[in-house]
Every structure is written in C-alpha cells, then in structure tokens.
Amino acid sequence: MPPAGGADRRQFYINGQWREAVDPELFTIVEAATERPLGVAAMGGSSEIDEAVLAARAALDNGPWGRSTPHERAETMRRFADSLERRGESTARLVSQQNGMIRPLSIISNAAAPVAILRSMAELAEARTFETRRPSKKGHTIVRQEPVGVVGAIVAWNYPQLLAMAKIAPALAAGCTIVLKPAPETALDAYVLGEAAEDAGLPPGVLNIVAGGVRAGEALVAHPGVDKIAFTGSTAAGQAIGEAAGRSLKRVSLELGGKSAAVVLSDADLDVFARSLDDAVFKNGGQTCTTNSRILVPHGRSREVLDVLAAYVDDLAMGDPLDDAVTLGPMVSDQHRERVRNYIRLGESEGFQLVRGGAEPPDGLTRGWFVSPTIFGGVDNDSRLAQEEIFGPVISVIPYGSEDEAVRIANDTVFGLGGVVFTEDHEHGLDIASRIRSGTMGINYFSIDMGSPFGGVKHSGIGREFGPEALDYYLEYRSIYV
C-alpha cells in the first residue's frame with residue numbers, strides 16, 4: 001500500500017513496495033502561487049538507484065514481464081491507464097500547486113494525456129509485428145524486435161506526468177522495465193504513478209520511482225545495469241548525460257531545449273496569430289520547450305504585431321493557477337523566477353523596446369513566484385535574449401526584410417525543436433517551413449500531435465517521442481540465422 005502522511009513522500013517505490021529512505025535528504029516542495037510549504041519528499045542517492053535498477057533488471061531477466069506477450073502487456077497497460085484516470089483530477093491539482101501550471105492545462109497535460117498515451121501505446125503493442133522471417137542463402141533469418149532493456153527515465157518539472165508517460169508507455173509496450181527519476185520540484189505527483197501501477201497489478205520491479213536531484217541522476221546514468229537513458233530537460237544537462245552514456249555505450253533519447261521562431265509573413269492574418277498565442281507562445285507561462293519566443297515580423301508589420309501581443313498580455317489574468325479564471329500562473333520556484341527576471345533586466349540594459357512587462361513584480365501579487373509577461377520589440381537576433389532559452393513569459397520580436405532573411409534568422413540558433421509560419425497561403429507557408437531546420441513546425445498554429453513523432457535536431461535533442469515511431473527507440477533488432 002502507498003505510504004500515509006498527506007502530501008509528504010518520504011518513501012520510494014521500488015520492486016513493487018514502498019521503501020524507507022536509508023539516509024534521507026529531505027526536499028521541501030513549496031506551492032508556487034503562495035510560497036507555502038506543500039510537502040516533503042525524500043531525495044534518493046546511489047544506494048536507492050542501485051536497488052531500483054537491480055529490481056528492474058530482475059523483473060526483465062527473471063520475472064513474468066520479460067516473458068510477457070504484447071497482448072499481456074497491453075492489458076496491463078490498460079489497467080494502469082484506468083487507475084491513473086481515476087486519480088486524474090487530484091493529480092492535475094497537485095501538479096498545478098507544485099509548478100504553477102493553470103488548472104485547465106494541467107487537466108489536459110497531467111490527467112488526460114498520460115492516460116491517452118498509455119492506451120494508444122497498448123494498441124500499438126498489440127498491432128505491431130515483433131518477429132518476421134526472411135529467406136537467406138542457407139535457410140532463413142528470424143528478425144526479432146526485443147526490448148532494449150532497463151530504461152532510466154529522467155524527467156523535468158514543467159509537464160511532469162506527460163513527460164514521464166512519454167517514456168514509460170513506449171517502454172512498457174516494448175517489454176522494457178523502468179526506473180523513473182522525477183525532478184525534485186514535482187516529486188510529489190510522481191508517486192501517484194507508483195500507486196496506480198500497484199493498483200493495476202504491474203509486476204514488481206517493472207516500474208520503480210526514485211525522486212532525486214543531480215546525485216541520483218548521475219547514479220542512474222552511470223549504472224551498468226541500465227541499457228538506455230530517456231531524458232527531458234535542459235540542453236546542458238542533456239549534453240552531460242550524452243557524454244556519460246557514451247562512455248558505456250548506453251542508448252539515449254534526449255528531448256532538450258528550444259528557441260523556436262514564429263515567422264509572421266507579410267500576408268499573415270493577425271487574428272489567426274492572436275488565437276495561436278495561448279499554445280504557441282505563452283503556454284505554461286513560457287515554461288515549455290517549444291515556446292516560440294522569437295517572433296519574426298516584416299519591417300512594415302512590426303507595429304501591428306506588437307499591438308496584438310500587447311493586447312493579449314493586457315488580457316491575461318495572473319494569479320492562483322487553481323482558479324479557473326486565471327490564465328497565467330507563477331514560475332516553478334523562486335530560483336527560476338530570478339533567472340527569468342535577470343533575462344528581462346538584460347533586455348532592458350541592451351536598450352530593446354520594452355512593450356509590456358519588465359523585471360518588477362506584477363502589481364497586486366505580493367506572494368508567489370510571478371513574473372510579468374514581457375515583450376521586447378526591435379530585438380537583435382545576435383543578442384543573448386534571442387539566442388538563449390529563457391523558459392518564461394519573455395518574448396523577443398525581431399524585424400526582418402525579405403523572406404530569405406526571415407529563414408536565415410529562424411535557422412540562426414543552436415536549437416531546432418519547434419516553429420510556426422503564419423500566412424494566408426498554406427502552400428507557401430509549407431515551403432517556408434520546410435526551409436527551417438526544426439523537428440516540428442506548424443502552419444498558422446502550433447500544437448503537438450501525440451499520434452506523430454515529436455523531437456528536435458541540433459542542440460534540441462536526439463530521438464523522437466509519441467506516435468508509433470516512439471516505440472522504435474525502446475527496441476533492439478536481433479537476427480537469428482536458421
């Protein structure tokens with residue numbers, strides 16, 4: 001049974017049991033909107049990670065999961081989905097309290113989406129052919145798709161349930177076992193996954209959960225019993241993980257940062273542009289890796305676009321994310337808030353046009369990690385403001401002359417995760433989008449399709465999540481000559 005104690009999580013979920021921390025380091029989670037303590041979570045280290053990996057390895061090599069059929073896995077995954085669905089409302093609320101995500105978005109991202117991903121991956125597991133036979137010169141070859149092994153899943157705090165399930169679901173469908181390391185900031189909701197797994201009858205060791213910081217992450221990446229690391233987080237952390245995993249030749253999937261560009265063409269309908277801002281630009285207060293934080297506009301339309309952005313910001317309602325009237329919540333922590341505000345101060349010091357917002361706290365919000373949504377006009381794409389991922393509600397409007405210049409500016413970044421082109425001519429928009437080097441692009445809107453592959457290029461990562469393609473990253477091919 002899951003531990004008692006309200007919101008506190010002083011135990012880890014390992015081998016189907018709730019285990020006490022050996023030498024616990026306790027992390028206090030603070031409610032983002034109120035600065036009040038929300039709960040305490042034990043942070044794991046190398047000993048807890050080792051125990052979890054050994055449990056996952058045993059479940060894979062010796063337990064029933066390693067011998068399960070795709071149909072058996074799919075049935076278990078559906079029970080897991082049902083169990084999560086029953087907890088969805090309370091899980092979404094808990095995530096909002098931890099990271100400041102507005103409640104309607106949290107219900108979609110942390111309640112509905114994980115359930116949908118599990119069910120779709122269950123269907124894919126049953127539909128996929130995991131073994132084929134091919135004729136060869138001396139007989140035939142059996143080609144099998146087998147689980148990659150034990151997966152270490154490390155996820156960020158901004159969409160914690162969705163990001164976790166984007167790794168757990170394809171891993172389960174492939175027949176892998178998992179050790180999940182959630183971020184400290186959202187450690188509390190992660191253990192709901194353990195409760196749901198226990199309720200659904202996942203065999204012991206198939207899913208293990210150890211919250212922790214850098215120390216736990218390093219132990220998971222370095223562990224010789226882990227075959228693959230699936231990570232979502234910053235590019236800097238992803239580079240360190242890739243380097244460490246490379247030394248032991250572990251497989252990696254890295255979903256990293258972004259500095260995406262929204263390219264407004266000269267014929268763009270600005271009403272369409274305005275309707276896209278919730279998803280494409282300001283989603284989760286800019287704490288979204290695909291945020292189109294660079295908005296490229298023709299010189300002749302800069303004023304119009306700035307006016308649209310200003311009107312949008314003026315209509316935002318900031319406050320408690322659990323209030324359905326609120327449309328913009330706080331940042332996840334005081335530390336992160338200060339990081340975002342420092343970028344705003346940088347933009348002010350560089351002399352860019354401050355259209356809305358600024359580094360000062362929003363009026364009337366004396367508690368909580370709030371940042372005023374900020375728009376800068378006339379930004380130089382060479383500036384740090386335009387080149388570095390801010391991960392907050394800070395938008396740079398960058399003017400351009402020709403469409404060729406717009407494409408050059410859009411590509412002038414180390415990142416390549418998202419982007420959108422606004423135009424009345426969809427075919428022309430598709431042509432412009434095809435010239436921008438990015439893992440995903442939108443025409444007149446940006447919203448991730450969970451039935452299709454998602455991921456980045458360049459410093460935005462390696463690998464793909466969602467859709468049938470996601471399953472490929474949790475499988476190995478074996479050829480048996482008969």
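Colleague: Hi! Is Glu 31 buried or exposed?
Modeller: Hello! This is a predicted model, and in it Glu 31 has a relative accessibility of 8%. Glu 31 counts as buried because that value is under the 20% cut-off.

Colleague: Thanks. Where does Glu 31 lie?
Modeller: Glu 31 sits in a loop, with strand S3 (25-30) before the loop and strand S4 (37-43) after it.

Colleague: And which side chain does the Glu 31 side chain join in a polar contact?
Modeller: That of Thr 34, at 3.1 Å.

Colleague: Which residues further along the sequence is Glu 31 in contact with?
Modeller: If you leave aside neighbours within four places in sequence, the contacts of Glu 31 are Arg 36, Leu 38, Gln 97 and Trp 369.

Colleague: Let's switch topic. What does UniProt list for Glu 255?
Modeller: The UniProt entry, which is unreviewed, lists Glu 255 under "active site". In the model, Glu 255 is part of strand S11 (residues 251-255).

Colleague: Is Glu 255 buried or exposed?
Modeller: Buried, because its relative accessible area is 6%, and the cut-off for buried is under 20%.

Colleague: What does Glu 255 touch?
Modeller: Not counting residues up to four places away in sequence, Glu 255 touches Phe 231, Thr 232, Gly 233 and Cys 289. Leu 417, Phe 454, Ser 460 and Glu 465 are also on that list.

Colleague: You mentioned Cys 289. Is Cys 289 buried or exposed?
Modeller: Cys 289 is buried, with a relative accessible area of 13%. Cys 176 is buried too, at 0%.

Colleague: How many disulfides does the structure hold?
Modeller: Zero. A disulfide would be a covalent bond between the sulfur atoms of two cysteines.

Colleague: OK, on to the sheet. What is the strand order in the open sheet of seven strands?
Modeller: The order is S14-S15-S16-S13-S12-S17-S18, and the pairing is mixed. At the edges are strand S14 (353-356) and strand S18 (442-443), each of which pairs on one side only.

Colleague: How many bridges do S14 and S15 pair over?
Modeller: Three, and S14 pairs with strand S15 (residues 374-377) in the antiparallel sense. One bridge puts Gln 353 opposite Gly 377 of S15.

Colleague: Which helix packs on the sheet and touches S14?
Modeller: Helix H11 (residues 334-349), which also touches S15 and strand S16 (394-400). The directions of H11 and S15 make an angle of about 25°.

Colleague: And which strands does helix H13 lie across?
Modeller: Helix H13 (residues 403-411) lies across strand S12 (261-264), strand S13 (294-298) and S16. H13 runs at about 145° to S16.

Note on methods
Residues numbered from 1 in each chain as written. Predicted model: local features only at pLDDT ≥ 70, side-chain atom pairs only at ≥ 80, totals over all residues. Heavy atoms only, no water. Helix = DSSP H or I, 4+ residues; strand = E, 2+ residues; numbered from the N terminus. Buried < 20%, exposed > 50% of the residue type's maximum accessible area, 1.4 Å probe, protein only. Polar contact = N/O pair within 3.5 Å; in protein donor to acceptor, adjacent residues only side chain to side chain. Contact = heavy atoms within 4.5 Å. Disulfide = S-S within 2.5 Å. Pairing = 2+ DSSP bridges. Axes fitted to C-alpha atoms, helices over the stretch in contact; angles between N-to-C directions. UniProt positions renumbered as here; feature names shortened; annotations may be inferred.
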